[in-house]
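Reader: I am new to reading structures. Could you take one part of this model and look at it closely with me? Short sentences would help.

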Amino acid sequence: MEMEMLILSVLVLFVSLYYVFRMLNRNASKNEVHHHHQLQLPPGSSGWPIIGEGLAFLMTAKRGVPEKFIGERRIKYSSSDSKSKSSSCKVFTTSLLRESMAVLCSAAGNKFLFSNENKLVKSWWPANIDTIFASSSKTNTAEESIRHRKVLSPFLGPDSLRKYLGIMDAVTKRHLDLFWSDKKQVKVLALTKMHTFTLVCKIFLNVEDPAVIAKLEKSIQHIAAGFISLPINLPGTAFNRAIQASKQVRKDLEKMVKQRRIDLDTAVAADENNNNQDLMSKLLLEKYSDGQQMNETDIANKLNGLLIAAYDNIFITLCSIIMYLSELPTVYDAVLKEQMEIADSKAEGELLNWEDIQKMKYTWNVVCEVLRLEPPNPGTFREAMTDFVYEGYLIPKGMKLYWSVFSTHKNPEYFPDPKKFDPSRFEGGGPAPFSYVPFGGGPRMCPGREYVRFTILVFMHNLVTRFRWEKVFPNEKMVMTPFLLPTKGLPVRLYPHLSTSSLSRQVVEVA
């Protein structure tokens, strides 16, 4: 009887404690909800009906000052940002793409977003881009994205890409021989597009047929145009052309992938040495950590996105570099001096290698400064996965966030005299953490950043050791419309160096 009473007492105690803890948790949840209800959204404006502040956003970009959209609002809302420890506004709301958006406008904000990827925020794309890239195989979950990145990272890392430097150098030399040499004037935009896509098709797909490359490039251009078109899916519209082009690219790529799998299987069965080191072949041979292989559709979808990303970002950056070097002769001379030292160390016909890339420190600092001032990708979007508080303000679940490089890249708080072109900013320790973010950061940092670096440095080495140039239109600028492009296609007059020996003497005299 005493034992039964003891057991009964223990049970009563546990049940009582259970209900007490449950009530406490319920009260805590109510308090938290009440606390969230008391919090305000960040200061801001929804702008005009339907269009929001989209027109102001586009107009500042078209005038060549996209940073003003964020800078003016940072100043405007600083006085109302009383919840922050400092008077400077750290976050504001706006309305873009018919969505209410929070804009985090500091290096600390960049760090917050990058470190909370797939925790508090996730990737989000406007509906028109989702529609263009829609496919029957929905692999765009956070888990799939992580799996794909783990597979891609080894191929796109410097240790792997250094094996392709010879190919990059040879393709670049051939391009300049065919389309730049013996020309008095060239249009940089058209030629850098051609070169960039030819190279990416060789490295990613092992495709060299000009007809196949031209067909793919035409479709890619339709897709890019669709990103900024009105989302009207009717025959003849840019949006409809983009959707059809995306389907065609996936179809063509999937056909290539299936044929490549057959070729690889045949080579293995015949015990032949397979020399295909392109990304497509690597993806077919690679396995996830669980032992599964990527299927053909997944590979085609992934290659579709990578082709567009590698294509747009690189040719835009090359245009910006060529424009700046035409305007800054002292910077050009310093780049030329560094590149001629490398060229003079090479034997006749010897291609660039990893050690040469490592010596291009000043040239890369110049590229970094160009990317600070004229980033080809101004920002991306996120979506709040849950309610959270940032700088004393509520960011509710489902709210969109816009992350922009212009929050910091042209902010004098991080880059004194921000309009000045100064490659020395990247010497030593470089800019403050999370203030220079042309490739993003965190788990979604651009996986192709090393490919971009190698491609640009190889091109610049070959270009500056062959030519000087000047703009045909001295006042031509790079303008976002909303893609960053030269307003007139950047025609330049070419002035070939007379000879390697005389060029070396000129470089010594300049030094």
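Author: Start with one polar contact. The side chain of histidine 195 meets the side chain of threonine 172 at 3.5 Å, and this pair counts as a polar contact. Keep in mind that the model is predicted.

Where does histidine 195 lie? Its place is helix H9, which spans residues 188-205. Is histidine 195 buried or exposed? Its relative accessibility is 1%. Buried means under 20%, so histidine 195 counts as buried.

Now look at what surrounds this side chain. Set aside residues up to four places away in sequence, and histidine 195 touches Val171, Thr172, His175 and Phe459. Thr172 in that list is the polar partner from the start.

Helix H9 runs on to residue 205. Leucine 205 takes us to the nonpolar core. The largest such core has 135 residues. Those that touch the most other members are Trp180, Phe204, Leu205, Leu325, Tyr451 and Trp469. Helix H13, residues 296-327, gives the most to this core, with 18 residues. There is a general trend behind such a grouping: in soluble globular proteins, nonpolar side chains tend to be buried together.

Which residues does leucine 205 contact, leaving aside neighbours within four places in sequence? They are Val200, Leu216, Leu253, Met256, Arg260, Asp278, Met280, Leu303 and Leu307.

Next, turn to the backbone. Most residues other than glycine have a negative phi. Two residues here have a positive one. Asparagine 118 has a phi near 65 degrees. Leucine 490 has a phi near 55 degrees.

Both sit in loops. Asparagine 118 is in the loop between helix H4 (107-115) and strand E3 (121-123). Leucine 490 is in the loop between strand E11 (484-486) and strand E12 (491-496).

How is each one placed relative to the surface? Asparagine 118 has a relative accessibility of 32%, so it counts as partly exposed. Leucine 490 has a relative accessible area of 0%, so leucine 490 is buried.

Last, check the confidence. The protein chain averages a pLDDT of 85, and 83% of the residues score at least 70. Over residues 1-21 the pLDDT is below 50, and this stretch has 0 contacts in the model beyond near neighbours in sequence. Residues 27-34 also have a pLDDT below 50, again with 0 contacts beyond near neighbours in sequence.

How values were computed
Residues numbered from 1 in each chain as written. Predicted model: local features only at pLDDT ≥ 70, side-chain atom pairs only at ≥ 80, totals over all residues. Heavy atoms only, no water. Helix = DSSP H or I, 4+ residues; strand = E, 2+ residues; numbered from the N terminus. Buried < 20%, exposed > 50% of the residue type's maximum accessible area, 1.4 Å probe, protein only. Polar contact = N/O pair within 3.5 Å; in protein donor to acceptor, adjacent residues only side chain to side chain. Contact = heavy atoms within 4.5 Å. pLDDT = per-residue confidence, 0-100. Core = buried A, V, L, I, M, F, W, Y, C linked by side-chain atoms within 4.5 Å.
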